[in-house]
Amino acid sequence: MSKVDPGLRDEIIASIPNLRAFAISLSGSVDRADDLVQETLLRAFANISSFRPGTNLPAWLFTILRNLFRSEYRKRRREVPDSDGHFAATLTSNPDQNTHLDFEDFRTALDKLPSDQREALILVGASGFSYEEAADICHCAVGTIKSRVNRARRRLGEILAIEDATDFGPDKATRAVLAAG
């Protein structure tokens, strides 16, 4: 492995939280996501000579991660572990807080989106990439990314039964109690 410029190394390290969040959104598993991020970093450092200084390092890292996930997905798609969900049901616990329930509802809704829409939404909405950067990462046109993000947002709203901004925050019963107090 060639020696890595300290500034470049620091930029790679600063990208880890966003890489991890993206990996979790792709894999649905924190442990699997951590493995993906670790493998991404190993490949990035091993191939650092192929990175062109002055280009978008986070986009390069996200592309490596995405390609790793896709490659592993293709290898594993024939596997159908726990198809009846019996084992998975033994690993769940009931959440104690409404925010956790809301987050689980969101995760479930996010998982119902087609993978290309979910990926575009996470890149633009959660990871902060521009439409252009997301298009580069996904190897498609900017208009395609915009369309995927729009369809993903609209579909999430439908799945979560969000009609307008008042659906965010406390539920109607809590708002009534707060208004009375």
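This passage describes the overall make-up of a predicted model and then turns to the packing of its helix H1 against two other helices, H2 and H6.

The protein chain contains 9 helices and 0 strands, and its pattern along the sequence reads α-α-α-α-α-α-α-α-α. Of its 181 residues, 30% count as buried. The accessible surface comes to about 11,800 Å², with carbon and sulfur atoms contributing 52% of that area. Among contacts with a separation of 6 or more, 61% link residues that stand 24 or more positions apart.

Two packed helices are described by the angle between their axes and by the distance between those axes. We may begin with H1, which spans residues 6-27, and helix H2, which covers residues 30-46. Their axes lie 8 Å apart and form an angle of about 140°, and H1 passes H2 in a right-handed crossing. On the H1 side, the contact involves Arg9, Ile12, Ile16, Leu19, Arg20, Ala23, Ile24 and Ser27. These meet Val30, Arg32, Ala33, Asp34, Leu36, Val37, Leu41 and Phe45 of H2. Sorted by class, the residues of this contact comprise 11 nonpolar, 1 polar and 4 charged.

H1 also packs against helix H6, formed by residues 115-126. Here the angle is about 160° and the axes are 10 Å apart. Because angles over 145 degrees count as roughly antiparallel, H1 is roughly antiparallel to H6. The crossing of H1 past H6 is right-handed. Phe22, Ser25 and Leu26 represent H1 in this contact, while H6 supplies Arg118, Glu119, Ile122 and Leu123. The contact of H1 with H6 is made up of 4 nonpolar, 1 polar and 2 charged residues.

One of the charged residues in this contact deserves a closer look, namely Glu119. Glu119 lies in helix H6 and has a relative accessible area of 2%. Since residues under 20% relative accessible area are classed as buried, Glu119 falls within the buried group. When residues up to four places away in sequence are set aside, Glu119 touches Phe22, Leu26, Arg66, Arg70 and Cys138. Of these partners, Phe22 and Leu26 are also among the H1 residues that make the contact with H6. The neighbours of Glu119 thus include the charged residues Arg66 and Arg70, together with nonpolar ones such as Cys138.

How values were computed. Residues numbered from 1 in each chain as written. Predicted model: local features only at pLDDT ≥ 70, side-chain atom pairs only at ≥ 80, totals over all residues. Heavy atoms only, no water. Axes fitted to C-alpha atoms, helices over the stretch in contact; angles between N-to-C directions. Helix = DSSP H or I, 4+ residues; strand = E, 2+ residues; numbered from the N terminus. Parallel < 35°, antiparallel > 145°, perpendicular 65-115°, else oblique. Left-handed = near helix turned anticlockwise from the far one by under 90°. Contact = heavy atoms within 4.5 Å. Buried < 20%, exposed > 50% of the residue type's maximum accessible area, 1.4 Å probe, protein only. Areas by Shrake-Rupley, 256 points an atom, 1.4 Å probe, with all protein chains shown as cover.
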